[in-house]
Amino acid sequence: MNLATDPWVWLAAILTLAIFSFLYRENPFYRFAEHLYVGLANGYAITIYWHQVLVPSLFTPVARNPNIATKVWLIAIGIIGALYFTRFIPRVSWLVRIPIAIVLGYWSGASLPRAVDAEIIQQLRATVVTRAHLAHWDTALWAILILIGVVATISYFFFSAERKGALKPISYVGIIFIMVGFGASFGYTVMARISLFIGRLQFLLGDWLGLIK
Amino acid sequence: MQRRIPLILVLVTGIFGALTFFIPHRTVQAADESMRNDVQRIITAFSLVLGVGSIVQHHLLKIRRKAEHWQYSYVTIAAIAISAIIGVFGGLDPARPGVLPTHIGSFSFHIQTLFTNMLVPLGATMFSLLAFFMASAAYRAFRARTVEATLLLAAAFILMLGAVPLGRMIFGPLPSFAEWILAVPNTAAKRGILFGVQLGIFATSLKIVLGIERGWLGGGGK
Amino acid sequence: MRTKGSARDFWARLQSIDRRWIYLVVWLVVMVPLIFPFRIRPKATPPVEKLFEFIDAMPQEKALVLSIDYGPDTQAELQPMLVALLRHAFATHHKVGVLAMVLTGLGLGENALSQVASEFNARAATHDDSIVNGEDYVFWGWNTPYITVMLGMGENISKVFPVDYYGAKTESLPLMRHLKNYADVGILVSLASSSFPQAWINLAQTQFGVKLGCGVTAVSAADFYPYLNSGQFSGMLGGMKGAAEYEQLVEEGMAKAGENWRLRARGTEAMSSQTAAHLAIILFIIIGNIAFFANRRRKL
Amino acid sequence: MTGLVMIALLVPALGPPTDVAARDVPNDGGGSVAVTWTASPDSGIAGYYVLRQAAADSSWDTLGFAGRLATEYSDDAATDGLKYRYKVVAASAAGNAESEVTSPVTSSPQWFNTDTTPALVGTAVLIAIIIYFIRRARQDRNLFIRRISGLDAVDEALGRATEMGRATLFVPGISGINDVATIAALNILGEVAKKTAKFGTPLIVPNADPIVYTVAREMVKESYTTAGRPDAFNQDIVFFVTDQQFAYAAAVDGIMSREKPATNFLVGMFYAEALILAETGASTGAIQIAGTDAVTQLPFFITACDYTLIGEELYAASAYLSREPILLGAIKGQDYSKAVIVGAIVLATLVALLTGLPVLRYL
């Protein structure tokens, strides 16, 4: 046994145990760690936004950049950002919608062609069966199976008609694919999650207690 | 006006965001870059002030009302204040110290030290709780109640068994079968779901840009 | 009658068992093998074997370059790979260059290098056997942007990393005389938690033809199989399992050379925990279903 | 004799790269020239130096170094409109070999990226379909959309919370307002808040994004006003916690186990914290309704929650709950877009298999 002497290792170990204690039940140690965690996370976020956004992208260029147009542009953005504070002033609180509109509008618009290009067209191309797939029986069979699975899964999400007639068996095939896929994803992820716990135990037993080297 | 100005803004910025995808010209791309790097980042940074204001207010209210466990609210407020002061005034990069000293002798309390020794272990431990939660979720939910549930269970079972040496011992081709499930039925299902999701994203984005979807204005579609 | 009733109770209670018993079992089956390691000897899968054999058969003058493209959050899976690869290179007397693409990976590289170097030096009798910084290995450190690093290393590594991690002038290190650029690299292995291996293919391999291998987390392994099948990767380690298999091969290789050191193999140990945990969860599912059907039959 | 061989080895006639050509990079913002060449026949070379000469200038600048397998180099430092000439030098330890000089070339920016033509067509088609159905919905108010299983559960779950006199917890995901799942979640929150206001059950809405927090707060306030209970709205209902994933999960876990809400809604965009929240909620005995388009997290919601809205069902649910005809029209438009996609896949497959045409090139 070879206990750690660094006070920070001790603190990290205590916090680790406090979180694990939640598995038994909610308790004062967990509650303390939880409140501390939330506070630190916010303090760290303030630090990051200050040093990595506000100072380099706003304050420094406004103070140092010789280009007047750039200065005015950045100050304007700063004012738009500051409109968030109007939420506390009831009469003009609607102004808070302006920065929200700029964020929301831009990203919504940007996602239109990108959803089509990067997702829909790419996935469509990947699903089409071509003669290249027919070279081997297995690639051919699996490509056809994927095509059937994709079509069936899509039809499971068809809302315009009741699941009757032809739609019923097709969407049932869809849910079968979905369930097998979900089960596989679940099983596949187990290993990685256990690795995370092993990592924490290696910290507790190794770095802190020195039980394992 | 309270609605029209925001709606005009989503339309204009939305059209701009969509068009930049098709136009490679330097002028347009430079404007797009400024939109992403300056406008969006700075606006987001300001929004954090709202968030921090909200959580501080939330806990002050608890303290004032002496709500249950109100004492812990002091922990959060103090942690925000202390770490923000250390971070903002002590600097983010240990090589470029700020105005506030961040160590006493060899004992460091730099924001990166707090990050590495408190935030990282707290986060890693929360994350690792999943090992336990996966076990208990599997125990409760993986019951062969219906055909669908049985398939879910069987697929998970095969994947888990395929990942450990025992799986190969029980049945040689098991790991390859597990890979096949991931590569074929799993891919088909995910792709099928994603088509719908992407169309939903497309339709919703379009409705936002055109001002049809107005929930974000706060309250109803008036 | 009574016994039958209690049996029923047993299944009913088992079906709705307090989840904390499950947590306790998971905790124990993971922890016990870490403290009292029992070794499951995993049989190496082809991707792992290929990487091992490639490095084993590499000409003596060619170096192994390891790129640390991960941070502390995925070190449980990837750090054992780094250690095993270093041991393999040192045991087969290959020179090693280490760099980091992820800034937080620097400390991990330093840990692994000093650990493995001291393992070898503790047993070294002569200068030739010992592992010396600057002669047997070099730790170049970190630089950015990655495109510049990956391309620049094809021209002159010392130019990309003017000083090494320890602050020494890279060019002045004896090892660097024989390690000028990719032409002197036998294989470069990218240990990554993100898509860095693809970047290595796109930049270093397509332009300079350098041989590549990769070590990735279990979750992302499926994304890299296509590159393995196409031969762009000469081998691949996936997750804790891949690390364990590699450790096993290294140990066997060293034993063949008469060196039975029984070094700590974190991947193999973790694999025991991993296996035990998987089996526990599988058993839970089986027990849960038995209880479910036993209960249902009672109701019918 | 050996001396002569030595000299011959030392001064080999290194083959230079041939067919060196330079052209403006198409579909770009300008400032780039692509230089291509055929590799030197000598395998012993280390790589190629690419050199450039501006028309007005007589000196050659070395632009950069490309690996021995490279046959192209992109000069990204060209000034649009200026004429440049290029040459490529094969370099080896033994010496260098220069290629011929290219004819002059200028770089220029383009206004349309022709590579994005399929995306442009696809975007236009989808916009047309969706707008058509939205317009139809304005006229015909009885567009049929089937009931979505899991939605009945909303009323049932809220009723249970009222009966038990316990709170309802609504987690709107951990992503930002630009995520469509978040928008859908906020719409559902609006409807849920109307009901909790009506029934008088406490509502808790912790947020992981400051902008989502602002919007959520306005939506809930509005819902309470609509339900005729503006007095019941207070500062404590909607609050921000933190934007850090696991700190947020720790806080919500704490809320779940201390307040013991009867009903949990986990709706929106989720990452690895999904199962942390869902399992903790299950352990407190709450009824849980989940909905997300995060495909990677769906398996965990399906196993740990009572009802799960899968992917698109989340968007459909938000339209269905609001009963807004325009929103229903958009769902209809999405349905027909799906039909178009299925049709395109089947058609392309048939054409590819029957005719052997390289269909993928046109998609």
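**Exercise 1.** Is the crossing of α6(A) and α5(B) right-handed or left-handed?

*Solution.* The model is predicted: local features need pLDDT of at least 70, side-chain atom pairs count only at pLDDT 80 or more, and totals for chains, interfaces and linings use all residues. Residues are numbered from 1 along each chain as its sequence is written, chains are lettered from A in the order in which they are written, and side-chain values use heavy atoms, without hydrogens and water.

Step 1. Take helix α6 of chain A, residues 167–208, and helix α5 of chain B, residues 147–162. Helices are DSSP runs (H or I, at least four residues), numbered from the N terminus.

Step 2. Their axes come within 7 Å and cross at roughly 30 degrees. The axes are lines fitted to C-alpha atoms over the stretch in contact, with angles from 0 to 180 degrees between N-to-C directions.

Step 3. The crossing is right-handed; in such a crossing the near helix is turned clockwise from the far one by less than a right angle.

**Exercise 2.** Which residues of α6(A) and α5(B) meet, and how do they divide into nonpolar, polar and charged?

*Solution.* Step 1. Contact means heavy atoms within 4.5 Å. On α6(A) the residues include Y172(A), I176(A), M179(A), G183(A) and G187(A); on α5(B) they include V147(B), L151(B), A155(B) and L159(B).

Step 2. The contact has 16 nonpolar residues, 2 polar and 1 charged. Ala, Val, Leu, Ile, Met, Phe, Trp, Tyr, Cys and Pro count as nonpolar, Asp, Glu, Lys and Arg as charged, and the others, Gly among them, as polar.

**Exercise 3.** Describe the interface of chain A and chain B.

*Solution.* Step 1. Here 106 residues of chain A touch 112 residues of chain B.

Step 2. The two chains bury about 10300 Å², 80% of it on carbon and sulfur atoms. Buried area is the accessible area (1.4 Å probe) lost on being put together, summed over both parts. In chain A, W8(A), R97(A) and Y106(A) lose the most, together 8% of what that side buries.

Step 3. The count of salt bridges (a side-chain nitrogen of Lys or Arg within 4 Å of a carboxyl oxygen of Asp or Glu) is 0.

**Exercise 4.** How much area do chain B and chain C bury, and which three residues of chain B supply most?

*Solution.* Step 1. The buried area is about 2400 Å², 74% of it on carbon and sulfur atoms.

Step 2. F132(B), Y139(B) and R143(B) supply 28% of the area that chain B buries, more than any other three residues.

Note on methods:
Helix = DSSP H or I, 4+ residues; strand = E, 2+ residues; numbered from the N terminus.
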